[in-house]
Each structure stands twice: as C-alpha cells, then as structure tokens.
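Below is a colleague's note on the structure, set out as numbered points. Please read it with the sequence and the coordinates open beside you.

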Amino acid sequence: MNTNEYIALEERYGAHNYHPLDVVIREARGVWVTDVDGNRYLDCLAAYSAVNQGHCHPAIRKAFMAQADRVTLTSRAFRNDQLPLLYKMLHDLTGFEMSLPMNSGAEAVETAVKAARKWGYKVKGIPEGKAEIICASDNFHGRTTTIVSFSTDAQYRDGFGPFTPGFPIVKYGDIAALKAAITTNTAAFLVEPIQGEAGIVVPPEGYLAEAARICKENNVLLICDEIQSGLGRSGKMFAFEYDGIRPDMVIIGKALSGGFYPVSAVLASKEVLGVFRPGDHGSTFGGNPLAAAVACAALTVLKEEKLVERSFELGGYFMERLRSIESPHIVQVRGRGLWIGFVLDTKARPYCELLMKEGILCKETHENVIRFAPPLVITKEEIDWAFERIRKVVLSLD
Ligand SMILES: *Cc1c(COP(=O)(O)O)cnc(C)c1O
C-alpha cells in the first residue's frame, strides 16, 4: 500500500481527533524516519519529546525485548523484580524521596491532583470538599475530563462539560495574580515551568522561584508538570532547575520510556505521596515490569549519552542559527535547550508542509508557532542540514 491508500483507510475508519501531516511512517532510527514510499525525513518533533533518546534506541530496545521475554505484566496485586529498580533509579537521579508510576501523562497529572487534594485534607487540614488547585492560563496537562476542566482553550472544553470544580485559573507568568488567588483552601499550584503546547512559552525571569517562595509561605504545594519539559528537553534534567528551586511534586512521562511504551510517574516527598493508602489509587498497567525495565533503560541512556548537556549546547547553537535568518515573518525565536518555538506572523501549517517536502517533519502549535524539538541525539551536522532547509523555506514565502 502507498501513502494515499493508508490515509484513505485511516480517514474512513478512524476518529478524526487529529489533523496529522500526510506522511505515513514505516520505520525510524535515531533522528530519522522513513515513510511507506521510501522518503526520509529528519524528525523535528520527537513525538512531543517522548523520543528524546532517538527512535528505537538500541539499548532501550534491548531491555524491552529481554523483559518481554520474561514477564510483562503482574498487576500490582503481586510484586515484580523491575519496579523497585525504577523507584531506586528515579530517587537517585532526581533526589525525590518517592515516586508513583502510571502510564500516560494525563494519568500522572490526575494522580498529582488526587495526591494534592488528599494532602490538603489530611495534612493541611482543608475542610472536606473545599480543596483548590490553582492552574495557569494557556496550560496543557492532558485530555481527561478533570484536566480539561482547568484548560483555558475553548476547543479542549467544547462539548465536554459538566466540569470538575476546584481549579481557579491565574495568568501564566503573573506572580501578583497567583498571590491574590491563594486562600486557606489552596492545596497546590500546578504549573508547567515552560509551556510546551502553548508554543514554548518561557515565563518571565524568576517567575518560578517567586512562585515557589509564595507557595512555601502559604503551605501550598508547588507541582511542576515536566512531562514535556523534563528529562533533558529544556537543556536541564528538569526545567525548574533554571530557577534553582525544588517543587513539592514533579510529573514526568513522555521520554521516561524513550518512546517504547507509555510510562509516567509522579515524584514527591514521603509526606505527600504518603497520603495514599492501599486501595486509594491504582492502575492495572501502572508500574508493570515491562514499563519499569524500559524506563530504567531510557533513563540510563539519558545519563550515559549526556543528553541533557547535548540539549543545552546544541539547543543554544540551533537557536542562534535560527535567529540569524532575516525575514519579516519571524516574530520571535524562543525556547530553552533543543526546544524551540519559531513564532511567525502568519499561519505555520503551510511552512510545516513545505518543510516536509524538504525532508523535515515538524508540527505547528497554536496556529503561528513551529516547534523545533528533535531527538536530543541529533548532531551539529544534522542541525546545520535542517537549518539550511528551514532558511530556504522561510525565505521562499512572502
Ligand atoms: C503531553 C503532555 C501531557 C499529557 O500527556 P499524555 O501522555 O498525552 O496524556 C501533560 N502535560 C504536558 C506538559 C504535556 O506535554
């Protein structure tokens, strides 16, 4: 079958909840993907940062295959010999006392919301049913009914109510607004250190540090959603490190498995995750041995290949090159690490389609922003290769 035949099948039998570029990928290695017609592309999206380690990384693949041959799922009714190793590795790598594994990012966000609420009632002493979790405007935390309850994107909510109450919204980047929104019933402030889906929006200098201080002052938990920004994407292990803070809870996912399998987790202290008692929360697949083995391998690759450092250095290089393009259509080039928002004064989709013809896959976010976020294993030469094509496309449009 060729591209058009696959697309016809998908359009006919699949729900249309996405609008993908018309490229049908058959194979991928590292930063390169190949479609069913044999065309090769440089992947500049990296599955929204789930393949930071590069596609089909051999070391992760090896762990995946070996574990698939032994045992894949025990359920948490029994213990398995891989999950304890993941707990230990997450602790050693991040310094957080405990973690709780889930599958998708949205499930981990739900887990953090439940932990924060329970902590609010059992530890902070908020009256039953009154706990609030403050969220930021333009956030993206996933797609469950509760999570879209605190989205400010009309489309994410349209037709999905009634919504879960208890999530006041403050403007992202506005410290005064956060201060004003905190009450004695505030359990937590949930925030992305850099907003990915909103278009790689970096908040004002010191925002997170100040937010952390205010949260501490008011006995409010600071929850950082690092599902996209974390595990090296921003040029640090976690984007919150730029502000020199330590959140009370951190949510990770995506690159935690290097793209092999859905694995997510919440990292926190004993005081916070200790609120869960047996039976309070769970997931059939959460913490399964295949997921744990894959996550350990994915984290090991991150460390051994120094992908965090690579992201920092090569991200700076890529951004500098992109900033050198002189075009009236470029409004801003922003971001951190290999996580770059290329802001145009016009719709980004046609640029993405032209870039595809040039052999670069990327995706527009919010109409006028192109996100450049290749796997962190990309080389300087590959960045130069991409840059020449991006420049050509940008200069070709008027
Ligand atoms: C992708 C993402 C999520 C949701 O993760 P899923 O695995 O798609 O459920 C949540 N928060 C952020 C910041 C994300 O980028």
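1. Is His16 buried or exposed? In this predicted model, His16 counts as exposed, with a relative accessible area of 53%. The residue is found in the loop that runs between α1 (3–13) and β1 (25–29), and, once its neighbours within four places in sequence are set aside, His16 is in contact with Glu10 and Glu11.

2. The domain assignment divides the chain into domain 1, which covers 3–56 + 307–396, and domain 2, which covers 71–304. The centres of domain 1 and domain 2, taken over C-alpha atoms, are separated by 27 Å. Across the boundary, 29 residues of domain 1 are in contact with 28 residues of domain 2.

3. The largest nonpolar core is made up of 81 residues, and those with the most contacts inside it are Phe189, Leu322, Phe342, Ile370, Phe372 and Ile390. Helix α11 (residues 289–304) gives the most to this core, contributing eleven residues. Because domain 1 (3–56 + 307–396) and domain 2 (71–304) both give residues to the core, it lies between them. As general background, nonpolar side chains in soluble globular proteins tend to be buried together.

4. What does Ile390 touch, if residues up to four places away in sequence are not counted? Its partners are Phe318, Leu322, Ile325, Phe342, Leu355, Ile360 and Phe372. Apart from the largest core there lies another one, of 28 residues, which has Val113, Cys135, Phe167 and Leu221 among them.

5. For a bench reader the cysteines deserve a separate paragraph, since the count of disulfides in the model comes to zero. Cys44 is in no disulfide, and the nearest cysteine sulfur, which belongs to Cys362, is 6.2 Å away; at 1% relative accessibility, Cys44 counts as buried. The sulfur of Cys135 is 12 Å from the closest cysteine sulfur, that of Cys215, and this is too far for a bond, given that a disulfide requires the two sulfur atoms to be within 2.5 Å. Cys135 is also buried, with a relative accessible area of 0%.

6. Where does Leu208 sit, and what surrounds the residue? Leu208 has its place in helix α9 (residues 207–217), and at 2% relative accessibility Leu208 counts as buried. Leaving aside its neighbours within four places in sequence, Leu208 is in contact with Val191, Pro193, Cys224, Phe240, Asp243 and Ile245. Leu208 and Lys118 are 90 residues apart in sequence, and their C-alpha atoms are 24 Å apart in space.

7. Leu208 also belongs to the lining of the largest cavity, together with Pro193, Ile194, Pro203, Ala239, Asp243 and Arg336. The space in the largest cavity is about 40 Å³, and the count of cavities of 30 Å³ or more comes to one.

8. The second largest pocket holds about 540 Å³ of space. Its lining consists of 24 residues, of which Arg76, Tyr87, Ser99, Leu100 and Pro101 are the closest to its centre. The elements that give two or more residues to this lining are α4 (83–94) and β4 (98–102).

9. Several backbone features should be checked by eye. Most residues other than glycine have a negative phi, and most peptide bonds are trans. The peptide bond from Gly161 to Pro162 is cis, with omega near 0 degrees, and Pro162 lies in the loop between α7 (154–157) and β6 (169–170). Cys56, although it is not a glycine, has a positive phi of about 45 degrees; its place is in the loop between α2 (46–49) and α3 (58–70), and at 34% relative accessibility Cys56 counts as partly exposed. Lys254, which is not a glycine either, has a positive phi of about 35 degrees; Lys254 lies in the loop between β9 (249–252) and β10 (264–268), where at 27% relative accessibility it counts as partly exposed.

10. A last point concerns Gly316, whose place is in helix α12 (residues 307–323). Gly316 is partly exposed, with a relative accessible area of 34%, and its C-alpha atom is separated by 6.2 Å from that of Gly337, although the two residues are 21 residues apart along the chain.

Definitions and conventions:
Residues are numbered from 1 along each chain as its sequence is written. This is a predicted model: local features need pLDDT of at least 70, side-chain atom pairs count only at pLDDT 80 or more; totals for chains, interfaces and linings use all residues. Side-chain values use heavy atoms; hydrogens and water are left out. A nonpolar core is a set of buried Ala, Val, Leu, Ile, Met, Phe, Trp, Tyr and Cys residues joined through side-chain atoms within 4.5 Å. Buried means under 20% relative accessible area, exposed over 50%, partly exposed in between (1.4 Å probe, protein chains only). Helices (H or I, at least four residues) and strands (E, at least two) are DSSP runs, numbered from the N terminus. Domain bounds come from an automatic or database domain assignment. Contact means heavy atoms within 4.5 Å. On a 1 Å grid over the protein atoms alone, a cavity is a set of points where a 1.4 Å probe fits but cannot get out, and a pocket is an open set with protein on both sides within 12 Å along at least five of seven lines; lining residues have an atom within 4 Å of a point. Grid points are joined across faces, edges and corners, and a volume is the space filled by probe spheres set on the points.
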